[in-house]
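Student: I'd like a close look at the sheet in this one, strand by strand, and at what packs or bridges around it. Could you walk me through that in one go?

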Amino acid sequence: MIAEPAGGGVRKRRGAAGGVRSGGRGMREAGAAFALLGPSAGGMRRFALTVVRHGETRLNKEKILQGQGIDEPLSETGFKQAAAAGVFLNNVTFTHVFSSDLTRAKQTVHGILEKNKLCKDITVKYDSRLRERKYGVAEGRPLSELRAMAKAAGQECPVFTPPGGETLDQVKMRGKDFFEFLCQLILEEAGQSEQFSQEAPSNCLESSLAEIFPLGKNCASKFNSDSSDPGLVASVLVVSHGAYMRSLLDYFLTDLKCSFPATLSRSELTSVSPNTGMSVFIVNFEKGGEVKPTTQCVCVHLQGHLTGVTKTH
């Protein structure tokens with residue numbers, strides 16, 4: 001497993017979280033990149049996005065806020081959870097792997113890839129845009145204190161922003177920024193591949209996902225050899241954090257109008273993922289030059305791989 005900062009070799013700028021983030025041509029031009037998806041771009045392209053929360057830390061168990069300032073490693077249970085996630089995903093082919101640059105996420109992605117039979121040598125790109133929400137003065141303090149602070153301010157968690165922390169909108173914008181960067185990256189790489197090959201994308205990427213995730217059941221188009229849809233051009237693994245993932249889901253739901261399985265309730269969509277919970281999405285670049293991609297949710301906070309592992313937080 002090789003590690004490097006995300007977007008190596010491209011222009012870097014400061015992120016909302018105070019870390020360095022990479023942005024290709026700049027996210028203000030991301031809309032222009034999406035516009036390239038017209039007829040001249042060769043029709044619809046699709047990729048899979050698997051988002052996993054990091055494993056448990058001691059502070060997770062003690063319900064103490066970590067945010068960005070408390071860089072706690074995984075607990076013994078957390079390492080077991082990461083290994084269990086890796087065993088569950090061991091036959092999935094990932095073309096890209098991204099992770100938060102905080103220790104608990106780094107250790108989780110390492111634990112996952114260590115068990116993967118197909119991606120042991122893949123490069124992991126660490127990106128500060130995937131960090132947990134910044135909780136300012138509340139970091140290192142019990143969650144109960146944050147709730148007390150919110151109550152004193154006449155607000156509810158998680159809407160309340162402690163002094164020095166990030167607002168929900170700021171976290172959401174980090175998620176949007178990363179997602180647009182990712183879409184631009186996949187678009188450019190797919191275009192480069194087509195210059196050298198006239199073959200259609202292989203079905204091997206979605207078939208490896210379909211072995212463990214209910215792709216055909218919950219997506220608008222079923223993934224099988226008879227499908228008229230093109231194969232996936234990429235399969236991306238992202239390891240991040242609970243509050244960040246909740247904001248990313250909100251962006252998918254409210255901004256991109258993501259379609260979710262009918263069995264999911266609103267409370268499930270707005271809840272925090274358990275440690276190493278998995279959410280899977282199919283991102284579609286529609287033919288005809290639409291500015292925004294469409295997204296389909298396959299599952300949210302999947303945790304079946306944790307059977308027999310200590311309870312998550």
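Tutor: Let's start with β8 and β9, which run antiparallel and are joined by six bridges. If you want a register mark for that pairing, take I282, whose bridge partner in β9 is Q296. Keep in mind throughout that this is a predicted model.

β9 is a nice case to dwell on. Seven of its nine residues are buried, so β9 is largely enclosed by the rest of the structure. Yet within the sheet itself it sits at an edge. The full strand order is β1-β6-β5-β7-β4-β8-β9, an open sheet of seven strands with mixed pairing. β1 (2-5) and β9 (294-302) are the edge strands, and each has a single partner, so one side of each is left without a neighbour in the sheet. From one strand to the next, the twist averages 20°.

Now step inward from β9. On from β8 (residues 278-285) you reach β4, and these two run antiparallel as well, with eight bridges between them. Here R45 is the residue that stands opposite F285 in β8. Cross β4 and the sense changes: β4 and β7 run parallel, again joined by eight bridges. L49 stands opposite V236 in β7 there. On to the next pair, β5 and β7 are also parallel, over four bridges, and V97 faces L237 of β7 in that pairing.

That brings us to β7, which deserves a longer stop. Eight of the nine residues of β7 are buried, so the strand is largely enclosed by the rest of the structure. V239 lies in this strand, and at 0% relative accessibility V239 counts as buried. The C-alpha atoms of V239 and V51 are separated by 5.9 Å, although the two residues are 188 residues apart along the chain. Leaving out residues up to four places away in sequence, V239 touches V52, H54, F98, S99, S100, A105, T108, V109, I112 and L130.

What lies over this part of the sheet? Helix α4 (residues 103-115) lies across β4, β5 (96-99), β6 (123-126) and β7 (232-240), and runs at about 135° to β7. Look back at the V239 list with that in mind: A105, T108, V109 and I112 are among the residues V239 touches, and the helix spans residues 103-115.

Just past β4 there's a spot worth zooming in on. E56 is found in the loop between β4 (45-53) and α2 (58-61). E56 is buried but has no salt bridge, and the nearest side chain of opposite charge, K61, is 5.6 Å away. For a salt bridge the nitrogen and the carboxyl oxygen have to be within 4 Å. What the E56 side chain does have is a polar contact with the side chain of S75, at 2.9 Å.

Charged pairs elsewhere tell another story: a search of the whole structure finds eleven salt bridges. D177 forms one with R129, with the closest N and O atoms 3.9 Å apart. That pair links distant parts of the chain, since D177 is in helix α6 (residues 168-196) and R129 is in the loop between β6 and α5 (143-152), 48 residues apart. Both D177 and R129 are buried.

Helix α6 comes up again with D250, which forms a salt bridge with K172, the closest N and O atoms being 3.4 Å apart. D250 lies in helix α9 (residues 242-255) and K172 in helix α6, so this pair ties together parts that are 78 residues apart in sequence. D250 is partly exposed, with a relative accessible area of 29%, whereas K172 counts as buried at 17%.

One more on α6, this time a local one: E180 forms a salt bridge with K176, with the closest N and O atoms 2.8 Å apart. E180 and K176 are four residues apart in the helix, so about one helical turn separates them. E180 is buried at a relative accessible area of 10%, while K176 is partly exposed at 23%. Finally, R58, E62 and E72 are joined into one network by salt bridges that share partners.

Notes
Residues numbered from 1 in each chain as written. Predicted model: local features only at pLDDT ≥ 70, side-chain atom pairs only at ≥ 80, totals over all residues. Heavy atoms only, no water. Buried < 20%, exposed > 50% of the residue type's maximum accessible area, 1.4 Å probe, protein only. Lys, Arg positive; Asp, Glu negative; His and termini not counted. Polar contact = N/O pair within 3.5 Å; in protein donor to acceptor, adjacent residues only side chain to side chain. Pairing = 2+ DSSP bridges. Axes fitted to C-alpha atoms, helices over the stretch in contact; angles between N-to-C directions. Contact = heavy atoms within 4.5 Å.
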